[in-house]
Amino acid sequence: MATCWFAAVHCAARSLTPEGNVTQVHPIGQCRLTKRAEATCHTPLSRSTQRSGPQVSEKIWNLLWKRSFDLKFYELADSVSAPWLGVRIKRLAASRRSIFQEELGYIDGGTEVLVEALVRGIEANGGKVLCREPVQLVEIRDGKVVGARTPNGWHDADHVISTMAIPYVTKLIPGLPDAHRAKLEAIRNIGVVCVVLKLRKSVTPHFWVNINDRRIEVPGIVEFSNLRPMREHIVYVPFYMPQGNPKFSRDDRAFIDESKNVVKLVNPDIRDEDFVDAALGRLRYAQPVCEPGFADKLPPIQTPIRGLQIADTSFYYPEDRGVSESVRLAKQMAARIT
Ligand SMILES: Cc1cc2nc3c(=O)[nH]c(=O)nc-3n(C[C@H](O)[C@H](O)[C@H](O)COP(=O)(O)OP(=O)(O)OC[C@H]3O[C@@H](n4cnc5c(N)ncnc54)[C@H](O)[C@@H]3O)c2cc1C
């Protein structure tokens, strides 16, 4: 039986990811879960927690969440479901030892360790991993998947599992039934441009800093080196937004310059000479917009086509994206292959 597993391997270029949730992948490599990390809010909350009632709730929403949502989802900010937000809060809250101490984890060696272990496992079981060979077409005959075409030729397959971003996949499968295609095409995503800065000096003592400051147009920054000790100081500045936002097509330099300004506003002691290097990654489909009723809008992962499974990070709902969730879902999808 031939099986194609497309896009299941996380791109090594993103091996240091900015939203450092606990990734418990014990069997593969060493996973360190004990490093203390802190997250903080750039604006004091004490003023808004002294009274109660609807006015206060609105004040708390405006102070703590509104700008974060506006700066991540922009015009889609009102389309995000409460369970999605609730589960994100729960995930971080559950990582706390006490109200003052969060414990987050990372894979020793980075995501690459996980990718390499997956490749080793696939090859040990007689599989082949083909890199730089994007799928161009998945063919269906008589209600059953029969294979896929790549620039290097045709691959017979009894099973096709696609985990590439949903907006790409529907275009590659002309034989997908209309109702299923419509459900997949209704899933909206926003993009991200993520700037990674290397500095001589630490910016804050915190791993994750939420920002609510009119001068700054990102909802937060992540100082990864405060979680994983490194020689240099590494800071992520993620610019999430709908792909249609004119800002999304700005050149790399504009994003890097803006990131440096953000860092200098957060810590005025940082000078231009403290920046050692900068890199940037763009993802067109980076974050599903999980709207109210999202669970009912998601089609089943097993499509009506025999042998064809399709999922991406939208299917983690109500959980948000995370490597732990990727592993959980991958196990379920693999188990469906008999
Ligand atoms: C900015 C950002 C920060 C994140 N931070 C964290 C974090 O700190 N901790 C954490 O646990 N998770 C984090 N995540 C989530 C994590 O990255 C995802 O859960 C995980 O990458 C999903 O893995 P995947 O293999 O399903 O998809 P992806 O990693 O998205 O892989 C999809 C792959 O499909 C490939 N592809 C596209 N088209 C084709 C084609 N036609 N043929 C073949 N392949 C194709 C792409 O090149 C890509 O490599 C973050 C995500 C983002 C966007």
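How far apart are the end C-alpha atoms of helix 3 (residues 111-124), and what span should its 14 residues have at 1.5 Å a residue? In this predicted model, the expected span of helix 3 is 20 Å and its end C-alpha atoms lie 20 Å apart, so the two values agree. Just after helix 3 comes glycine 126, which has a positive phi, near 90°.

A good place to continue is the packing of the interior. The largest nonpolar core contains 38 residues, and Ile221, Val235, Tyr236, Val237 and Val263 have the most contacts inside it. At least two residues of this core are supplied by each of strand 7 (106-107), strand 12 (189-199), strand 13, strand 14 (220-223), strand 15 (233-241), helix 6 (252-266) and strand 16 (275-288). Strand 12 provides the largest share, with 8 residues. Valine 237 gives a view of the surroundings: leaving aside residues up to four places away in sequence, valine 237 touches Val195, Leu197, Val218, Ile221, Ser259 and Val262. A second core, separate from this one, has 21 residues, among them Val145, Val160, Ile161 and Val169.

Strand pairing around strand 14 can be followed residue by residue. Strand 13 and strand 14 are antiparallel partners, joined over 3 bridges. Valine 209 belongs to strand 13 (residues 208-210) and stands opposite isoleucine 221 in strand 14. These two residues are 12 places apart along the chain, yet 5.4 Å separates their C-alpha atoms. Is valine 209 buried or exposed? Valine 209 has 22 other C-beta atoms within 10 Å and therefore counts as buried, the cut-off being 20 or more.

Strand 14 is buried on both of its faces: Gly220 and Val222 point one way, Ile221 and Glu223 point the other way, and all are buried. Beyond strand 13, strand 14 also runs antiparallel to strand 15, to which 2 bridges join it. Here valine 222 has tyrosine 236 of strand 15 as its bridge partner.

Elsewhere, a smaller set of strands can be described in a similar way. An open sheet of 3 strands is arranged in the order 8-9-10, and its pairing is antiparallel. Strand 8 (137-141) and strand 10 (153-156) form the edges, each pairing on one side only. From one strand to the next, the twist averages 25°. Strand 8 pairs with strand 9 (residues 144-150) in the antiparallel sense over 5 bridges, and arginine 141 stands opposite lysine 144 in strand 9.

Key
Residues are numbered from 1 along each chain as its sequence is written. This is a predicted model: local features need pLDDT of at least 70, side-chain atom pairs count only at pLDDT 80 or more; totals for chains, interfaces and linings use all residues. Helices (H or I, at least four residues) and strands (E, at least two) are DSSP runs, numbered from the N terminus. A residue is buried if 20 or more other C-beta atoms lie within 10 Å of its own, exposed if 12 or fewer, and partly exposed in between; C-beta atoms are placed from the backbone. A nonpolar core is a set of buried Ala, Val, Leu, Ile, Met, Phe, Trp, Tyr and Cys residues joined through C-beta atoms within 7 Å. Two residues are in contact if their C-beta atoms, placed from the backbone, lie within 7 Å. Two strands pair if DSSP finds at least two bridges between them. Axes are lines fitted to C-alpha atoms, for helices over the stretch in contact, and angles run from 0 to 180 degrees between N-to-C directions. The expected span of a helix is 1.5 Å times one less than its number of residues.
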